[in-house]
Amino acid sequence: MGQHKKNSKPQTAGTRANKVTFMMNDEEYKTVERYLEKYKISNKSRWYRETILSHVLKTLEEDYPTLFKETEMRR
């Protein structure tokens, strides 16, 4: 999506220019906060990115089309 800002620096590979915002109810938020505290995770943004992307990549890998169906490969 073409986002143009005045006086912005050129984007380089790895630059984060897209913002994602989502809402959680109190229970969800408290659960995530407990998890982050328990495992001493201080960089929440990085944790959210890695958690979401690992789920997405795993799902894409599982859904990747194959030449044969799984049942045919197990024979």
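A salt bridge, as I use the term this morning, is a side-chain nitrogen of Lys or Arg within 4 Å of a carboxyl oxygen of Asp or Glu. With that in hand, let me take you to Glu 50, which forms a salt bridge with Arg 46, the closest N and O atoms being 2.9 Å apart. Please keep in mind throughout that we are looking at a predicted model.

Glu 50 and Arg 46 both belong to helix H2, where they sit four residues apart, or about one turn of the helix. Neither end of this bridge is buried, because a residue has to fall under 20% relative accessible area to earn that word, and Glu 50 is partly exposed at 42%, while Arg 46 is likewise partly exposed, at 46%.

The structure holds two salt bridges, and the other one joins the side chains of Glu 33 and Lys 44, again with 2.9 Å from N to O. This pair links distant parts of the chain, since Glu 33 is in helix H1 and Lys 44 is in helix H2, 11 residues apart. Glu 33 counts as partly exposed, with a relative accessible area of 23%, and Lys 44 is also partly exposed, at 34%.

Let me step back to the overall fold. The protein has three helices and zero strands, so that, read along the sequence, the pattern is simply α-α-α. Of its 75 residues, 5% count as buried, and the protein exposes about 8,200 Å², of which carbon and sulfur atoms supply 55%.

Turning to helix H1, we find 13 residues that reach 18 Å from the first C-alpha to the last, which is close to the 18 Å expected at 1.5 Å a residue. At the start of H1, a side-chain oxygen of Asn 25 comes to within 3.1 Å of the backbone nitrogen of Glu 27. Just after H1 there is a residue that I would ask you to look at on the screen, namely Lys 40, which takes a positive phi of about 50°. Most residues other than glycine have a negative phi, and Lys 40 has its positive value although it is not a glycine. Lys 40 lies in the loop between H1 and H2, and at 73% relative accessibility it counts as exposed.

Now to the aromatic residues, where the count comes to four aromatic pairs. One of them is Phe 22 with Tyr 48, an edge-to-face pair with 5.7 Å centre to centre and 75° between the planes. This pair, too, links distant parts of the chain, with Phe 22 in the segment before helix H1 and Tyr 48 in helix H2, 26 residues apart. The rings of Trp 47 and Tyr 48 have their centres 5.1 Å apart and their planes at 70°, and because an angle over 60 degrees is what the term requires, this pair is edge-to-face as well.

Which residues make up the aromatic cluster as a whole? Phe 22, Tyr 35, Tyr 39, Trp 47 and Tyr 48 form one cluster. Within that group, Trp 47 and Tyr 48 are both buried, whereas Phe 22, at 45% relative accessibility, counts as partly exposed.

Phe 22 also brings me to my last topic, the surface, because Phe 22 is one of the residues in a nonpolar surface patch of about 700 Å². The others in that patch are Val 20, Ile 52, Leu 53, Val 56, Leu 57 and Leu 60. Leu 60 is found in helix H2, and with 54% relative accessibility it counts as exposed.

To draw the threads together, helix H2 contributes Lys 44 to the bridge with Glu 33 of helix H1, holds both Glu 50 and Arg 46, and carries Tyr 48, the partner of Phe 22.

Terms used. Residues are numbered from 1 along each chain as its sequence is written. This is a predicted model: local features need pLDDT of at least 70, side-chain atom pairs count only at pLDDT 80 or more; totals for chains, interfaces and linings use all residues. Side-chain values use heavy atoms; hydrogens and water are left out. Helices (H or I, at least four residues) and strands (E, at least two) are DSSP runs, numbered from the N terminus. Buried means under 20% relative accessible area, exposed over 50%, partly exposed in between (1.4 Å probe, protein chains only). Accessible areas come from the Shrake-Rupley method with a 1.4 Å probe; for residues, only the protein chains shown count as cover. Rings of Phe, Tyr and Trp (its six-membered ring) pair if their centres lie within 6.5 Å; planes under 30 degrees apart count as stacked, over 60 as edge-to-face and the rest as tilted. Patches are made of residues with over 30% relative accessible area and no salt bridge: like charges are joined within 9 Å, nonpolar side chains (Val, Leu, Ile, Met, Phe, Trp, Tyr) within 5 Å. The expected span of a helix is 1.5 Å times one less than its number of residues. A polar contact is a pair of N or O atoms within 3.5 Å; within protein, one must be able to donate a hydrogen and the other to accept it, and residues adjacent in sequence count only if both atoms are side-chain atoms.
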